[in-house]
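Me: I've got a structure on the screen and I'd like to learn how to read it. Can you take me through it feature by feature?

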Amino acid sequence: MTTSKAAPARSTEPPVDMLPVEDAVDRILSFCQRLPTEIKAIDDAVGQVLARDITAPFDIPPHDNTAMDGYAVQSASTDGASESSPVRLKVIGELAAGYLFKDAVGPGQAVRIMTGAPMPDGADTIVPFEETDEMGLRAPGQEHAAIEDVGILKAAGPGNNIRRRGEDVRAGQRVLDAGTVLRGPQVAVLASLGVGEVEVVRRPRVAILSTGDELLTPGDPPAAGKIYDSNSYGLSALVSQYGGIPQRFGIAQDTISALTAKINEALESCDLVITSAGVSRGDFDVVKEVLAREGAIDFWTVKMKPGKPLAFGDFAAPGERRVPHIGLPGNPVSSLLAFELFGRLAIYQMMGRKPQPRPIIRAIADEDIVNTDWRRVYARAILEQDSEGRWRARLTGPQGSGVLTSMALANGYAVCPEDRERVRAGEECDVIMVDWDHPLD
Ligand code: AMP
Ligand code: MG
């Protein structure tokens, strides 16, 4: 909790039976195997991971070509050229990108050439338009008239303004490694190699299941004693954000038969099952009973706040598959935060990505972050730079595990370590960055 001046005294010793966050990550990841591969069109594979190295079948660029609009000439033809005494060359043709020049450029000759066009035989340099008198050659209204000769205003050395064959990529070179995540530039490289389809690791299909008799689906009329199911919507959005394919299985009532049926339905098609609620220690929900009965699931308390209770393990699924399960706590902030810490990495590992931790920024806490019970506190914060350029972590209001808006306003978690009683306002702390964008941008 935060900002409380009179926090309850905490026990002098840390509790022994709580699982450190890192151990929970390791154990969860030990259930998550990389999925099989699939062939995808490159524009459908964005965010997925290459299963094989990609080797260039040819040089890129495939031929020497001009980097400027200008004239392709022999450099020797420009010797002695200056603004006061231009050298006049005969223009023997024009060449646009995409075409080959059929003749060769000889001494005293020039080809008017556009950026990207292959170098004509015989030419060894490009004189840009700006270093010719071409701008003054055509009278207004005559811009498209053929030019018969051009004055070169400056001597050109050999090789000027030429992009060499193979200067980007050589034939046979490994261009992208297996394991690369495909984003815009990588997809562009594939396209530049003429590759239209690639083998990538499949995205996990993630079943999301809410449990609890109190839950209503958004769109239902409000009802006394009930609340709307926010977890499955938030989780589904995060699953998509991290590259999985969310499949919401709705709300399971707190009965053995309802929950068992939903889980079995999910196991038909899913690679990972995420449930929320019903996993607290003292919880008499049927959720724990069903999870333990249907799968090899253990229940843990993790040294984190919010989000202490957590279940994980796996289910036996049709087709001799083992499907990992993460049982998140029910409180909305706990649920989303635990997904950020564990579910994101599980999805990454299944889709062949390295389960990398989030970047951490050291920032000055604007308020106290108080740790009452030896858990690592993840206070929802906005990271901002002050007028002197220092990073500051501003907490996003009340930090209760049901205060979902605290999550929606944050772009990072300011951490009070488990072994410290508080981070004081003005002290530096770690901020785990969830998003570099400010939520209001
Ligand atoms: P439980 O873990 O079942 O004890 O639930 C803890 C708290 O989270 C209770 O206040 C529940 O009403 C709430 N909760 C459980 N599931 C959801 C959900 N899907 N959406 C919003 N709140 C929930
Ligand atoms: Mg419940």
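Me: Let's begin with the ligand: how far is a nitrogen atom of ligand 1 from an N or O atom in the side chain of Asp 229?

Reply: For a polar contact, look for N or O atoms within 3.5 Å of each other. Here a nitrogen atom of ligand 1 sits 2.8 Å from an N or O atom in the Asp 229 side chain. Keep in mind that this is a predicted model.

Me: Which other polar contacts should I look at?

Reply: Try the side chain of Ser 210, where an N or O atom is 3.4 Å from a nitrogen atom of ligand 1. Then go to Asn 231: there a polar backbone atom lies 3.3 Å from a ligand nitrogen.

Me: How much of ligand 1 does the protein cover?

Reply: On its own, ligand 1 has 480 Å² of accessible area, and the protein covers 78% of that. S12 and strand S14 (227-228) are the elements that give two or more residues to the shell.

Me: How many residues surround ligand 1, and which are the closest?

Reply: There are 18, with Glu 214, Asp 229, Ser 230, Gly 278 and Gly 330 the closest. Sorted by character, the shell has 5 nonpolar, 9 polar and 4 charged residues.

Me: On to sheets. In what order do the 6 strands of the open sheet run?

Reply: With a sheet, get the strand order, then look at the edges. This one reads S15-S12-S16-S20-S19-S17, with mixed pairing. Strand S15 (245-252) and strand S17 (295-301) each have a single partner strand, so one side of each has no neighbour in the sheet. On average, neighbouring strands are turned by 20° against each other, ignoring direction.

Me: In what sense do S19 and S20 pair?

Reply: Antiparallel: residues 309-317 (S19) and 321-328 (S20) are joined over 7 bridges. To find one on screen, go to Ala 316, whose bridge partner in S20 is Arg 322.

Me: Which strands does helix H4 lie across?

Reply: Helix H4 (residues 256-269) lies across S12, S15, S16, S19 and S20, and runs at about 165° to S15. Helix H5 (residues 286-294) also packs on the sheet, touching S12, S16, S17, S19 and S20, with its direction at about 135° to that of S17.

Me: What about the open sheet of 5 strands?

Reply: Read it the same way. Its order is S7-S4-S6-S5-S8, again with mixed pairing. Strand S7 (125-128) and strand S8 (149-152) are at the edges, each with a single partner, so one side of each is left without a neighbour in the sheet. Here the average turn between neighbouring strands is 40°, direction ignored. For a pair to inspect, S4 (residues 70-73) and S6 (residues 109-113) are antiparallel over 4 bridges, and Ala 72 stands opposite Val 111 in S6.

Terms used. Residues numbered from 1 in each chain as written. Chains lettered and ligands numbered in written order. Predicted model: local features only at pLDDT ≥ 70, side-chain atom pairs only at ≥ 80, totals over all residues. Heavy atoms only, no water. Pairing = 2+ DSSP bridges. Axes fitted to C-alpha atoms, helices over the stretch in contact; angles between N-to-C directions. Contact = heavy atoms within 4.5 Å. Near = heavy atom within 4 Å. Polar contact = N/O pair within 3.5 Å; in protein donor to acceptor, adjacent residues only side chain to side chain. Areas by Shrake-Rupley, 256 points an atom, 1.4 Å probe, with all protein chains shown as cover. Nonpolar A, V, L, I, M, F, W, Y, C, P; charged D, E, K, R; others polar.
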